[in-house]
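Dear colleague,

Please find the structure below. My notes on it follow, with each term explained where it is used.

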Amino acid sequence: MRLTFATPDQKRTGAYIVFATNGGKLSSSADQLDKATGGALKRALKNRKFTGKKGQTLAVLGPAGVKASRILLLGVGKADKIDDLAAQALGGAIFRSLGNSGDKTASVMVDAIKGMKMTGAEFAANLAYGCQLRSYRFDRYRTKEKPEDKPSLNAVAVMLRDVAGARRKFAPLRKIADGVFFTRDLVSEPANILFPISFASRLRALAKLGVKLKVLDEKQMKKLGMGALLGVGQGSANPSRVVAMEWNGAPKAKDKRPIAFVGKGVTFDTGGISIKPAGGMEDMKWDMAGAGVVSGLMHALASRKAKVNAVGVVGLVENMPSSNAQRPGDVVKTMSGQTIEVINTDAEGRLVLADALWWCQKTFKPHTIIDLATLTGAIIVSLGHHHAGMFVNNDKLSDQLLAAGKGTGEALWRMPLGDAYDKQVRSQIADMKNVGGRDAGSITAAQILQRFIQKDVAWAHLDIAGVAWSNSDAGTVPRGGTGFGVRLLDRLVADHYESK
Ligand code: BES
Ligand code: MN
Ligand code: ZN
């Protein structure tokens, strides 16, 4: 969808969007439209429950006296409570209301809202950003959809005085949205289209943005000793890959050591020989969401030319049952030298990450490493779909991540780590086993990952199993792959890891 900014004297088209604050108080543009329509807005307000609450809408269709196809009155709530997240949510509400309305274009009248703490430009940019994010749709494989069933809205003009300011604020946001869309595309693709090799090819798009790519094939991984990652992929006809994406945007040599992001990229997780039940197994096409988020994040950082050295590493495998598949009870040797007894072949993400994390540290020497993975069903039992689980060995990094989560609406909840949990993964035959029993399943998974983090590296593991996919539209996130993590980690980098 096309988002543009224009001054209020420019031509308006399609639906007109105006605001009301709590108590149903009309903005000045709304007031003007009410007068121009002979009081249509106020009449409509009389018989309705509309109170101007944040996100509430009231539509007046085909109003007399103006060119608008409709006037959409949008509640913004209490003016002094409007922040960037609220503005984004309002942008999402605009698409929610008009996306399928039949209108192709809309004009949003942003006039000074009394008591609002952000500038008009900030408000407009965030509104556009939210509208853009909500407009995402993965319809590549719908060949028979009638035009009237497709979303109609394809251009929104945000009208305000400070057009230049709004454009300046929107430019980086637009790039973050591109990164989110890159992730959502990857997460939405079915596993017959997106498998390790095709995933790696898709990442070539990043080279155009100045990202350096390095791809490891199975031969190279064997040489490196990545027995855990290769063990997961060995049952699949699709060979495994590891891809590193390097973005060197820091200007000064002293900022050389990078921050690293590592993603679980299981392009399909059948469970392997410990096979999953059929019901809902199709969801396991998005078991690569961690890798998808890392890719979209690198896309965002590179396209907005973030002043940071960052590296993304994705471990790409398909977990299949076959005569070559690894068996429960197999012992694999990781690149770190540690051995793992594979009790359950469905606990494969930690095996992939064990080698990806180790290789990342060996190769790039990051000071900080953040991994993302749809790692455990247990995190959904713990936190549902409203927080990702965060496991972290460093309180400062924890605080930074929690704050970035609050600021972007991608919420995290800190979970514990500790020796008592670590004991659960002791093995009789190897250095550890890959599952620690039913209790505290997300924590024991994190304990295994921690065994592959080197001393003095700040590390966080985000278990995104509950937030990577959504079955309903909400706010700035339509149903499907959410891209959860891109906005969060982009903010983390912007706030704490970029040179000034
Ligand atoms: N990919 C799954 C976790 C998952 C479940 C992600 C539901 C998204 C939605 C992971 O590989 C897995 O199978 N985990 C097992 C671990 C168990 C065997 C210890 C699980 O959670 O059941
Ligand atoms: Mn699994
Ligand atoms: Zn999995």
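Donors are N, O and S atoms within 2.8 Å of the metal (3.2 Å for Na, K and Ca), and because water is not among the atoms, sites may look incomplete. The model is predicted, so local features need pLDDT of at least 70 and side-chain atom pairs count only at pLDDT 80 or more, while totals for chains, interfaces and linings use all residues. Residues are numbered from 1 along each chain as its sequence is written, chains are lettered from A and ligands numbered from 1 in the order in which they are written, and side-chain values use heavy atoms, with hydrogens and water left out.

The zinc ion (ligand 3) has the protein donors Lys264 (NZ), Asp269 (OD), Asp287 (OD) and Glu348 (OE), at 2.0 to 2.4 Å. Their spacing in sequence is K-x4-D-x17-D-x60-E. Asp269 also bridges to the manganese ion (ligand 2), 3.1 Å from the zinc ion. Asp269 belongs to strand β10 (residues 259-269), whereas Glu348 sits in the loop between β13 (339-341) and α10 (349-364), 79 residues apart; strands (E, at least two residues) and helices (H or I, at least four) are DSSP runs, numbered from the N terminus.

Buried means under 20% relative accessible area (1.4 Å probe, protein chains only). Asp269 is buried, because its relative accessibility is 3%, and Glu348 is buried at 1%.

Polar contacts are pairs of N or O atoms within 3.5 Å. A polar side-chain atom of Glu348 is 2.8 Å from an oxygen atom of ligand 1, and a side-chain N or O atom of Lys276 is 2.8 Å from an oxygen atom of ligand 1.

With kind regards

How values were computed. Buried means under 20% relative accessible area, exposed over 50%, partly exposed in between (1.4 Å probe, protein chains only). A polar contact is a pair of N or O atoms within 3.5 Å; within protein, one must be able to donate a hydrogen and the other to accept it, and residues adjacent in sequence count only if both atoms are side-chain atoms.
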